[in-house]
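Reader: I'm new to reading protein models. Could you walk me through this one with a few questions?

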Amino acid sequence: MVKILSVEELNEQLQLKPRFKVEVNDANIQKRFSAEKNHQSISNVIIKCLDEHVWLSIPPIEKRYYSPRLHVEIEQRERQCILHCTFGPDPNLWTMFMFVHFFLGLAFIGVLTLYYTNTTLGNSNILAYSLMLTIALLWVALYVFARNNRQKAAPQSKMLLKVLTKIIS
């Protein structure tokens with residue numbers, strides 16, 4: 001039996017896209033994923049395969065904005081495979097999330113420029129301080145939002161882990 005981390009252990013990780021590895025003593029694991037995709041005996045999960053990449057997703061009927069996707073990258077060895085697994089949100093949500101982070105970073109650099117200009121000219125920096133504080137609070141709020149969504153997605157993450165365990169064992 002293959003040992004996979006629990007969702008609770010993954011949620012303790014600080015990173016927003018938790019990762020884990022699984023060693024499987026089966027060189028044909030890729031064929032198992034393809035066969036499972038073709039048979040669709042697991043009706044509550046969508047399986048997509050492309051070369052050595054497999055994605056397990058929640059079907060559209062049950063999908064929410066926080067629904068996770070499990071990306072499995074298969075690393076072939078001689079007599080075994082190592083599965084590099086990553087939980088993450090829908091790619092559209094992740095792209096928007098990264099765009100907001102980029103915008104906040106750009107705004108922070110602009111506020112630092114404003115701070116430097118005001119300091120050089122001997123003007124008041126109250127506006128710059130308040131904007132820096134606002135940006136920092138928005139970053140913290142984004143992180144808390146992402147962590148809360150990961151907690152909401154825990155039941156669906158458990159379901160994806162069960163499907164993964166069923167396929168590889």
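Author: Sure! One definition to start: a residue is called buried when its relative accessible area is under 20%, exposed when that is over 50%, and partly exposed in between. And keep in mind that this is a predicted model.

Reader: Is Asp51 buried or exposed?

Author: Asp51 sits in the loop between β2 (46–50) and β3. Its phi is near 55°, a positive value in a residue other than glycine. The cut-off for the outer class is over 50%. Asp51 has 56% relative accessibility, so it counts as exposed.

Reader: Which element gives the largest share of the largest nonpolar core?

Author: That core has 24 residues, and Phe33 and Leu70 are among those with the most contacts inside it. Elements giving two or more residues to this core include β1 (19–24), α2 (29–39) and α5 (154–168). The largest share, seven residues, comes from α5.

Reader: Which residues does Phe33 touch, leaving out those up to four places away in sequence?

Author: In general, nonpolar side chains tend to be buried together in soluble globular proteins. Phe33's partners are Ile47, Cys49, Val54, Val72, Ile74, Leu164, Ile167 and Ile168.

Reader: What span should helix α3 have at 1.5 Å a residue?

Author: Helix α3 covers residues 91–121, which is 31 residues. The expected span is 1.5 Å times one less than that number of residues. The end C-alpha atoms are 45 Å apart, which agrees with the expected 45 Å.

Reader: What helps cover the buried residues of α3?

Author: Those buried residues are Phe97, Leu104, Gly105, Val111 and Asn118. What covers them includes α4 (126–152).

How values were computed. Residues numbered from 1 in each chain as written. Predicted model: local features only at pLDDT ≥ 70, side-chain atom pairs only at ≥ 80, totals over all residues. Heavy atoms only, no water. Core = buried A, V, L, I, M, F, W, Y, C linked by side-chain atoms within 4.5 Å. Buried < 20%, exposed > 50% of the residue type's maximum accessible area, 1.4 Å probe, protein only. Helix = DSSP H or I, 4+ residues; strand = E, 2+ residues; numbered from the N terminus. Contact = heavy atoms within 4.5 Å.
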